[in-house]
Structure formats: structure tokens, C-alpha cells
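Hi,

Here is the structure I said I would pass on. Have a look at it first, and my notes follow underneath.

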Amino acid sequence: MKPHEPNRSARGLDRRQLLKTIAAGTTAAIAAPYIRPASAAPTTLRALMWEGYVLPDVIAAFEEKNKLKFAPTFFDGNSEAYNKLRVGGTKDFDLVQADGFWPSLYFREKLIRTVDYGKMPSTKNLFPVFQPEKYKLLTDEKTGVHFGVPFCWGSYGITYNKNEMPPEKAASIECMFDPAFSGRLSTSARFEENIALAGILVATKMGTINKPRPDGKSFNPYHLTDEELAGVEKLLIEQKKLLLTRYQDNATLAQLLESGTIVAAPEFAQVYRQLLNKKAKGEITTDFAHTLIPKEGGLGWVDTWLVSYGVPDGPTLDVCQAFIDTMTSQETMKKIAMASGCSTTIDIRSLSTPEEQTLYLMDRTNELSDMYMFDQPSSPEKWERVWSRMQAA
């Protein structure tokens, strides 16, 4: 899960990389350009998606039931998927995945089309916060039509060692810039999220977070002013000497936290869940906690299923919506959660233990509305310059 690649080579080494491990063994095929008659039932369903969401047993059953071949093409970040769609991908793919504000961009640029929730009965099990009347990022403001279905969600919160960092300290983004923890902090290599998270702190300190914005909209950490970006650059340069490293994958982060080498790092809560499981099994003694939303504000994401603009009304749209309905069934979502470590937008509490409900934040979905959704930086060039100057400092 992105439009927010830290550096293009490192971006896939986070929750997406973990997700990929569950797709091992699948017979994924690379979708080739193909144009089918609009009225014909599809023999192939082509998806542009994150690799880890392919569950081989679920896919095989869907293929058998619908007498077709599922052909996924994988991507690591939203930017990559966006570029594929813009260069003709709407004819090459039937289904697409994206997160945060990206589906809105796709819809504005006619890269995806409308969907009918009535054809996807599994959506009735969406948690209230993800129902179309509450979650507005998949609904066109002018027409009220829907163009996507929420799938998995999460935050980019702070996992910390409770024995080393007091909860009141970890409740603020400032803990990641505190000299008291010099050499015992780590962040990911995701440059967009590093800048956005610092941007929330800078805008809070500048007092601009709640003031009118140049674009007339509410504060968005991916749409920072030049003055705020200058503050972010200064803050990230100061932070640089406090960091032990920028972790490249979840395994490395887990090892750093478990060994006590570092005491805090922002992440998708997947490492936090791993550490909690180890604690429950008696494999570690350290107490870890996760700040879902720092007091200044936090970042969040919602992965979604979308239908390509190239899909006409008729059999292919029916199959696309049937596939989304299958993927958002409670049984499939339970498998997705267990395999990927992601929280689901579908209520699977009836299929989960009390411990799983806590671990996968099933009773905390309302907190999503307080998060800033992942987005595309308003000026990628300026953001890359900020990151480059920080690295060179």
C-alpha cells in the first residue's frame, strides 16, 4: 500500500512486502493486452493489484465457479498503478486496487467506473465507518455515485517499547524527534510518510493546521505550504542524527525493537502485532504498545477494490462485482487478516476471538475518521527536493 514512495526501490519493502509472502505458490499470470467483445462473458478476469491479497484457494474456487482465468498483475505503489492505467491500462485491466485519495483521482480522470453496492451483498457487513454514507472517499460529491469498495485499512502509527518510553511521550509525534532517545529511534525509508508525519507536527507548531488553507480545503499533510515544507526539512535534518537507521522491511524493524536496539518507530502496526503475539506466547518479556493516532494527528490508509473504466455494463461488470463480493465476504476477509496482518473493513468479529478483535483493531474502526488519508504530494518535485537536501545534509 502507494503514492508515497520513499524511494522507488525501497517502497515495496513494507507491509506490501509482507503481504507478498502469502501469495507464494499462486499461479499468477501477467495480464497481456486483450480486448474482448463488450457483450461476451469474460474468459479472463484481469486485475491490477497488490500481490499479497491473492489467496490461491479463494481464487481457484472463483475461477471454477465462473469458468474463467484470474490474471493478476502486481504493483508496489499507487504511482506505479496510476501510470499503468494512464497509458492504456483501462483496456488491459478489469479490476484495480488503490488506497487513500487515489480512487478519487482515478475517477476524476475516468480511469475507473461506478459500481453497484446492490450487486455486492457482502458490503452489508462493512463496519459503519466504511459504509458509503460515512466513508466519502469512494463517492462522487456531485452525483453521489459510488466508484469503489473499501477492503483493508490501517494507520501509520508509532510502535514503542513501554519499558523505555512513557505512553504520554509516545502519544506525540515529537517522540520521534526527541534527543533523549538519540540513537534509539528508527523510521521507514518512505519519504512521503516521513514528510507528511513531520508536516503534521510542523503545522501544529506553526499554528497553521487549523487555519484556512491556500486551496480553501481543510489541512492535508500531503498538501503543505512552502513555509511548512521548509519547517519539515529543518526538522528532518535535526532528526537524522537521532536515528539509528531507516528500516527497509518489517523483519528488520521487529528485530530492532525486540532486541531493544531501538525504542520506537512509525509503522503499519504489523510489527506491533507480531510482537504482541510473541509476548502472549512467552517468547519475549518486553511490553510494546502502539499509538494509533498521535495527539497532533496521524496518517491512515484504506485499500479499495475498483473497476476499470474500460469495463462496460454487462457480463464483465457482473463478474467484476461478483469477484469483489467474494473478496469482501466475511470468510475471505478473515483469511486476509490472518495472512496479511491487516485490519479489515468488513466486520469479522463473529469469526474472531476476543484477542483477535483487539489485535486487529476491530473495535477501533471509528478512529479512522480522525486520520489523514494517504495521498499524492501536491508537488512531488518539491517533496523530493526536501528529501534530497535532508539526505545530503
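Strand 4 is mostly covered, with 7 of its 7 residues buried. Keep in mind that this is a predicted model. Strand 4 pairs with two other strands. With strand 10 (residues 298-307) it runs antiparallel, joined by 6 bridges; on that side, P150 has T304 as its bridge partner. With strand 11 (residues 343-344) it is antiparallel as well, through 2 bridges, and there W153 stands opposite S343.

Just ahead of that strand there is a loop to scroll through. T123 sits in it, between helix 4 and strand 4 (149-155). Is T123 buried or exposed? T123 counts as buried because its relative accessibility is 5%, and the cut-off for buried is under 20%. If you leave out residues up to four places away in sequence, T123 touches Y117, Q131 and V149. V149 brings you back to strand 4, which spans 149-155.

Now the pocket, which may be your kind of thing. The largest one has a volume of about 1,000 Å³. It is lined by 31 residues, and the closest to its centre are F101, S104, R108, L137 and E141. Two elements give two or more residues to that lining, namely helix 4 (102-108) and strand 12 (371-373). Which of the elements has the largest share? That is helix 4, with 5 residues. As for the chemistry of the lining, I get 14 nonpolar residues, 8 polar and 9 charged. In case you want the general idea behind such a search: rolling a probe the size of a water molecule over the atoms shows where empty space is left.

Last, the core. The largest nonpolar core holds 119 residues, and the members that touch the most others in it are Y106 and I195. Helix 6 (residues 191-206) gives the most to this core, namely 9 residues. If you want a place to start clicking, try I195. Setting aside its neighbours within four places in sequence, I195 is in contact with L224, L229, V232 and L236, and also with W383, V386 and W387.

That is what I have so far. Shout if anything looks odd on your screen.

Cheers

Methods:
Residues numbered from 1 in each chain as written. Predicted model: local features only at pLDDT ≥ 70, side-chain atom pairs only at ≥ 80, totals over all residues. Heavy atoms only, no water. Core = buried A, V, L, I, M, F, W, Y, C linked by side-chain atoms within 4.5 Å. Buried < 20%, exposed > 50% of the residue type's maximum accessible area, 1.4 Å probe, protein only. Helix = DSSP H or I, 4+ residues; strand = E, 2+ residues; numbered from the N terminus. Contact = heavy atoms within 4.5 Å. 1 Å grid on protein atoms, 1.4 Å probe; cavity = no way out; pocket = protein on both sides within 12 Å on 5 of 7 lines; lining within 4 Å. Points joined across faces, edges and corners; volume = space filled by probe spheres on them. Nonpolar A, V, L, I, M, F, W, Y, C, P; charged D, E, K, R; others polar. Pairing = 2+ DSSP bridges.
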